[in-house]
Amino acid sequence: MPTKTESSSLRTPSARPADLPRPLHTLEVLNTVARSLGYVEGPGTPFEAVVEGVTKLLHAEGVAILVRETSDEYVCRAAQGVLGEWGDYALSSTASRLLDRFLLRDEVLIFKRTQRSPWSREFLLAAGMSWGALAPMRVRDQRVGALLVNNSHAVHVRAEHIEAFENLASLAGVALVEGRLREGLEDLYLSVIMSLTMALEAKDPYTEGHSVRVAAYSEAIGKQLGLPSATLDMIHRSCLLHDIGKIAVDQTILTKSGRLNPLERQKMDMHVLIGEDILRPIALLHPLLPGVRHHHEHFDGTGYPDGLRGERIPIEARIMAVADAFDAMTSSRPYREPIPEEEALSELRRAAGTQFDPRVVAAFEQIYPAVKRTLENLRPR
Ligand SMILES: [Fe+2]
């Protein structure tokens, strides 16, 4: 347990003079973070905003958000600065037990290396750190984690900094709980829509498993292109739903064993707009709409529905176009046998720059061998 000395260190003058932000600046830090909670999209996440805020507030060299993942495990999230390498690491069981005790106390704790307490042993995580602070993340009666700061020098904090630090921790807690709720809702919606997609694909043995394969290819392409993990997640979901609009296309058109006539083609092409209409009422799925609407655009502007060209086509749609075409070519269709992989790959290369984004085609060639191995058992027999 922390000693009285540790708690009293909150107001003890220390090695570094008080040069932390003044009250007005402190308020600005809080406001910036609070505003970030209002955005679903945009640069950065609420967690990043909190970490940024704490860094400014306490001149922190390392900040981490310690999230209570299960009843006995805390994981380091959004770690930055000297704590950056601890991102996604689970804390030891000793540290987790200490945090449980800390959350019951429900107040900011400051600790120093020189005090040789369990807190300094467990929570001065980076080498050369000698001063640390923890703030509880509580939302109503839920104890959801703690905000951790590490510094190599002692910091003289005033009461206003402690209060702002506590408020930032509360904001991180709200962001965490809100994010979990949103994820839960998204998963619920997605599972309903996924079952519709599965039902659609099951009706047509030629497309069974198509969306899952397109999702696997597309996510791997996105990773190869260096896209952030939130975008990869969005791409994966968009792919699972990309052809949802086919639910409204006549079954005889979907399974026709021959080329579609112009009227049938027109009806088939409507699936991108119908898909968008199906998903639009669900605000949580709005990030998926561009991929659904634009996955049949061509890089040279000759695709549909909007004839977008080049990088005006959303990246997820450019990726999906390549994955979708490759999977369609290498799968059986009512009117033809599957095309051999090498032939399909050279077809992608041939159409790079016209139908497809050349960068995406190049990335697909890189990831294809590995993804193919993973997918082999998903193909219909
Ligand atoms: Fe499609």
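The secondary structure of this protein, which I present as a predicted model, comprises 15 helices and five strands. The chain has 381 residues, and 47% of them count as buried. As for the surface, the protein exposes about 18600 Å², of which 54% is supplied by carbon and sulfur atoms.

Let me turn to the contacts within the fold. Taking those between residues at least 6 apart in sequence, 63% join residues that are at least 24 apart.

I should now like to consider one residue, serine 331. Where does serine 331 lie? Its place is in the loop that runs between helix H13, residues 315-329, and helix H14, residues 341-350. Is serine 331 buried or exposed? Its relative accessible area is 4%, and because the cut-off for a buried residue is under 20%, serine 331 counts as buried. The side chain of serine 331 also has a polar partner: it reaches the backbone oxygen of aspartate 327 at a distance of 2.5 Å.

My last topic is internal space. When the whole structure is searched, one cavity of 30 Å³ or more is found. The largest cavity holds about 40 Å³ of space. Which residues line the largest cavity? The lining consists of Glu297, His298 and Phe299, then Ile313, Arg318, Ala321 and Val322, and finally Gln355, Phe356 and Asp357. By character, the lining residues divide into five nonpolar, two polar and three charged.

To close, I would recall two points for colleagues viewing the model: serine 331 is buried in its loop, and the search of the whole structure gives one cavity of 30 Å³ or more.

Methods: Residues are numbered from 1 along each chain as its sequence is written. This is a predicted model: local features need pLDDT of at least 70, side-chain atom pairs count only at pLDDT 80 or more; totals for chains, interfaces and linings use all residues. Side-chain values use heavy atoms; hydrogens and water are left out. Helices (H or I, at least four residues) and strands (E, at least two) are DSSP runs, numbered from the N terminus. Buried means under 20% relative accessible area, exposed over 50%, partly exposed in between (1.4 Å probe, protein chains only). Contact means heavy atoms within 4.5 Å. Accessible areas come from the Shrake-Rupley method with a 1.4 Å probe; for residues, only the protein chains shown count as cover. A polar contact is a pair of N or O atoms within 3.5 Å; within protein, one must be able to donate a hydrogen and the other to accept it, and residues adjacent in sequence count only if both atoms are side-chain atoms. On a 1 Å grid over the protein atoms alone, a cavity is a set of points where a 1.4 Å probe fits but cannot get out, and a pocket is an open set with protein on both sides within 12 Å along at least five of seven lines; lining residues have an atom within 4 Å of a point. Grid points are joined across faces, edges and corners, and a volume is the space filled by probe spheres set on the points. Ala, Val, Leu, Ile, Met, Phe, Trp, Tyr, Cys and Pro count as nonpolar, Asp, Glu, Lys and Arg as charged, and the others, Gly among them, as polar.
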